[in-house]
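Let's take a walk through this structure together. Have a look at it first, and then we'll pick a place to start.

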Amino acid sequence: RAGAHLRQNHLREATADASEGTAVARAATLTGYEIQGLARHALALSRAGNRNAEAGGLVHRALQLLDRQGYLEGSEEEVLVACAEVLRVGGAEDRARSVLDRARASARRKLDGLVDQTWRTAYLALPEIHKLLGG
């Protein structure tokens, strides 16, 4: 739900749902979903304004868990793009660029593995992939 609220710019709802979802994922030891929740929570706080320190802490935790986990059940690129946006807004330009480079490399690697044109087109249409690779 937090992702849907973010896409509709419903930041209060996104913040609440991401916080709740992250807590549920942590309690259930679903690390991949916890990472997604942390990134979405951070992005909602950052976009709402004036909560960059809290958002930055969530990004730090999400990236730390992702490094340890190594993979996600969902879109690693979505997480990385969200984290990079929060880092950029918080003034950590170099770190944001590094996170985007990581996301871009992951997206290219996945795109290279898609031989079917229909799947390639669908993949390139995903908002975070379009942002990373330009369609």
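A good place to start is helix 6, which covers residues 93-113: its 21 residues reach 30 Å from the first C-alpha to the last, close to the 30 Å expected at 1.5 Å a residue. Keep in mind along the way that this is a predicted model.

Now look at which parts of helix 6 are tucked away. Ala96, Val99, Leu100, Ala103, Ser106, Ala107 and Leu111 are the buried ones. Seen down the helix axis, these buried residues fall within an arc of 135°, so they line one face of helix 6. Turn to the other side of helix 6 and you'll find Asp94, Arg109, Asp112 and Gly113, which are exposed. And what does the buried set pack against? Its partners are helix 4 (52-69), helix 5 (76-89), helix 7 (117-125) and helix 8 (127-133).

Next, step back along the chain to helix 2, residues 11-27. With 17 residues at 1.5 Å each, helix 2 should span 24 Å, and its end C-alpha atoms are indeed 24 Å apart, so the two values agree. Its buried residues are Leu11, Ala14, Thr15, Asp17, Ala18, Thr22 and Ala25. The cover over them includes helix 1 (2-7) and helix 3. Just past the end of helix 2, keep an eye out for Thr29, which takes a positive phi of about 55°.

That brings us to helix 3, residues 31-48, where Gly32 sits. Is Gly32 buried or exposed? It's buried: its relative accessible area is 0%, and anything under 20% counts as buried. Setting aside neighbours within four places in sequence, Gly32 is in contact with Gln69, Leu72 and Glu73. For a sense of distance, try Leu87: it is 55 residues from Gly32 along the chain, and their C-alpha atoms are separated by 20 Å.

Time to zoom out. The protein chain comes to eight helices and zero strands, so from the N terminus on, its elements read α-α-α-α-α-α-α-α. A compact globule of 135 residues would have a radius of gyration near 14 Å, and the protein chain has 14 Å, so it agrees with that rule. Its C-alpha atoms fill a box of roughly 40 × 35 × 30 Å along the principal axes.

Buried residues make up 41% of the 135 in the protein chain. Of the contacts between residues at least 6 apart in sequence, 54% join residues at least 24 apart. As for the outside, the accessible surface comes to about 7,500 Å², with 51% of it belonging to carbon and sulfur atoms.

Notes
Residues are numbered from 1 along each chain as its sequence is written. This is a predicted model: local features need pLDDT of at least 70, side-chain atom pairs count only at pLDDT 80 or more; totals for chains, interfaces and linings use all residues. Side-chain values use heavy atoms; hydrogens and water are left out. Helices (H or I, at least four residues) and strands (E, at least two) are DSSP runs, numbered from the N terminus. Buried means under 20% relative accessible area, exposed over 50%, partly exposed in between (1.4 Å probe, protein chains only). Contact means heavy atoms within 4.5 Å. The expected span of a helix is 1.5 Å times one less than its number of residues. The arc is that of the directions from the helix axis to the C-beta atoms. The radius of gyration is taken over C-alpha atoms; the globule rule is 2.2 Å times the number of residues to the power 0.38. Accessible areas come from the Shrake-Rupley method with a 1.4 Å probe; for residues, only the protein chains shown count as cover.
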